[in-house]
Amino acid sequence: MTEGAAAGVYPRGVKLGVDVGTVRVGVAVCDRDGILATPLRTLQRNVKKNTDVRILAALAAELEAVEIFVGLPRTMKGEEHASARMATEYAQLLALSLQDAGSDVPVRLVDERLSTVSAHRALHEAGMSSKNHRTVVDQVAAAGILQHAIDMQKARGTEVGNRVYAESAPGPTGDGAQSGPAVQTHSSEHGRLK
């Protein structure tokens, strides 16, 4: 648990926002005071080798991030489908990669309905042509996810989202050998920890 969370206040420090797509992963960062989220970079998604996950874990260490928010795309009815499962699996891989690197930076899933739509709209309003959106839209969507999370943290004075934990799963023989990430999420009512 981070020092801020132990004190009942959201943690102060650099935070990352992540928008997971099938081809690209957008990354955003905020300042130590959690005032403004800004686009940082776009990673090419590599489902076979997960190099993007390792790059993101290394980036979190380099920036001394205290929290990472991964967008969880739900439908307008609040349902979770394939894209939500993909984001959850990505958060699992990231939590495991951080754990393997000896880091306990929390990875949290936060609702991101319409973040990409909003990002496209913002880029259009800024005068960027639609054909140029592809290079930055994922970063802008990640910034929207992160800004939403830090704004909620400030308004509530507490953690938001569901934390994803990576743990070693028992092997097929039950011998404790790691067979892949097992994830536990800590649900919170209306984004507040119970």
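**Salt bridges and nonpolar cores in the predicted model**

Glu64 has a relative accessibility of 52% and is therefore classed as exposed, since the cut-off for this class is over 50%. In this predicted model, the side chain of Glu64 forms a salt bridge with that of Arg32, with an N to O distance of 3.5 Å. The two partners belong to distant parts of the chain, 32 residues apart: Glu64 is in the loop between α2 (51-62) and β4 (67-72), whereas Arg32 is in the loop between β2 and β3 (37-44). Arg32 is partly exposed, at 40% relative accessibility. This value falls between the limits of 20% for buried and 50% for exposed residues.

In total, seven salt bridges were counted. One of them joins the side chains of Arg24 and Asp138, at 2.7 Å from N to O. This pair also connects distant parts of the chain, as Arg24 lies in strand β2 (residues 24-30) and Asp138 in helix α5 (residues 137-156), with their positions 114 residues apart in sequence. Asp138 has a relative accessibility of 7% and so counts as buried.

A further salt bridge was found between the side chains of Arg108 and Glu159, with 3.4 Å from N to O. Because Arg108 is part of strand β5 (residues 107-111) and Glu159 is in the loop between α5 and β6 (162-168), this pair ties together parts that are 51 residues apart in sequence. Both partners are buried: the relative accessible area is 6% for Arg108 and 2% for Glu159. Arg108 and Glu159 also belong to a network of salt bridges that includes Lys15 and Glu67.

The strand that carries Arg108 is itself mostly covered, with four of the five residues of β5 buried. Strand β5 runs parallel to β4, and five bridges join the two strands. Within this pairing, Ile68 is placed opposite Val107 of β5. Beyond its neighbours within four places in sequence, Ile68 contacts Val107 and Arg108, together with Val105, Pro106, Leu16, Val18, Ala60, Leu94 and Leu98.

Ile68 is also among the residues with the most contacts inside the largest nonpolar core, a group that further comprises Val18, Leu56, Val70, Leu94 and Leu98; this core has 30 residues. At least two residues of the core are supplied by each of β1 (15-20), β2, α2, β4, α3 (82-100), β5 and β6. Helix α3 provides the largest share, with eight residues. Separate from this is a second core of 13 residues, whose members include Ala28, Cys30, Ala143 and Ile150.

Another charged residue with low accessibility is Glu112, which is located in the loop between β5 and α4 (115-125). Glu112 is classed as buried because its relative accessibility is 7%, and the cut-off for this class is under 20%. When residues up to four places away in sequence are left out, the contacts of Glu112 are Asp19, Gly71, Leu72, Pro73 and Ile145.

Technical notes. Residues numbered from 1 in each chain as written. Predicted model: local features only at pLDDT ≥ 70, side-chain atom pairs only at ≥ 80, totals over all residues. Heavy atoms only, no water. Salt bridge = Lys/Arg side-chain N within 4 Å of Asp/Glu carboxyl O. Buried < 20%, exposed > 50% of the residue type's maximum accessible area, 1.4 Å probe, protein only. Pairing = 2+ DSSP bridges. Core = buried A, V, L, I, M, F, W, Y, C linked by side-chain atoms within 4.5 Å. Contact = heavy atoms within 4.5 Å.
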